[in-house]
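Work through the exercises below with the model open. Each task is followed by a stepwise solution.

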Amino acid sequence: MIRRSVWMAPARFLIAEGGARSDMPFDHRWAVALGRDGTLVVADLDPPQGGESEVIDGLDLSDSPALAQALMRGQVVKKIDFGAPLVDFTPLAFDTAVVVRQALGDVHVVRLRESGAVDVAAKLPFACRGHVHVAARAPAFGCVTDSGVKVHDLRSQLTREVPEGAAELALSPDGQRIALATGSALFVQGPEVAERVALAAPPALLSFSPDGSAIAVLVAGELRIVRAEEPGTVLFRASAIEGASAMIWDEKGHDVALCKLSGAACWYRLDGDEAG
């Protein structure tokens, strides 16, 4: 029994304090949380190197190096203080990194490295007034600022700006396009051109398709799919469920789901209608 049980994950408290939010966004190794004191708490559950092995009375490990290695334990919890309490963090979908925003609006990118190191890799050149939006496949970050909407690309170190506010914001997966809900209009800015499309009401939700070619728009009780390069071109439309608070595409971009806070969801087949 002892030999079998050592392969099970040990039940232990990593940190004995409350927190505003916690997540395991990547795999079984990393746990990330906002600490009660406003710091970023990162737990490495599978560190590359451990300390001394635990001792279990009556178990001889001299002939079983693998079991001995399974019992190795190391320091796994790290805390990072950003000078002001953190209010939010967003995992990157393409890397083991998180974007954190503190109460003063400063935004940092924190890398969780294979070696076990946790370090601040970058800081955005502007402060954000709200949630930080992250491109799905590129290190591009956008948010509403005091002077409008800004998007910064860590690869080019270039910042784009739209000098107006936005109730909703979405980034294309490659970070090259911005979609904004500005009043009763949809505004889309691409690498070369920008276009504004008047709508019957302010858009409530925006989301780019996985390949970036289309944008899902929830407006006036209707779900619309428009072409990203020509947002005035409607590819699909259907009546939307009431009370939708989030919108999700399937991985292939064939379907869109509208989700309620209760957890209920309704899928829409883009080659048909409401799927239930």
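**Exercise 1.** Find the distance at which the side chains of E164 and R196 meet, and place both residues.

*Solution.* E164 and R196 form a salt bridge, 2.9 Å from N to O. The term means a side-chain nitrogen of Lys or Arg within 4 Å of a carboxyl oxygen of Asp or Glu. E164 sits in the loop between β12 (158-162) and β13 (168-171), and R196 in strand β16 (residues 194-198), so the bridge ties together parts 32 residues apart in sequence. Strands are DSSP runs of E, at least two residues, numbered from the N terminus. E164 is partly exposed at 25% relative accessibility. R196 is partly exposed too, at 45%. Cut-offs: buried is under 20% relative accessible area, exposed over 50%, partly exposed in between (1.4 Å probe, protein chains only).

The model is predicted: local features need pLDDT of at least 70, side-chain atom pairs pLDDT 80 or more, while totals for chains, interfaces and linings use all residues. Residues are numbered from 1 along each chain as its sequence is written, and side-chain values use heavy atoms, without hydrogens and water.

**Exercise 2.** Are D44 and R29 buried or exposed?

*Solution.* First, the contact: their closest N and O atoms are 2.8 Å apart, a salt bridge. Next, accessibility: D44 is buried at 6%, and R29 is buried at 7%. Finally, the network: R29, D44 and E114 are linked by salt bridges.

**Exercise 3.** Which cysteine pairs with C128?

*Solution.* C143 does, in a disulfide with sulfur atoms 2.0 Å apart. The cut-off is a pair of cysteine sulfur atoms within 2.5 Å. The S-S torsion is about -75 degrees, so this disulfide is left-handed. Both C128 and C143 are buried.

Definitions and conventions: Helix = DSSP H or I, 4+ residues; strand = E, 2+ residues; numbered from the N terminus.
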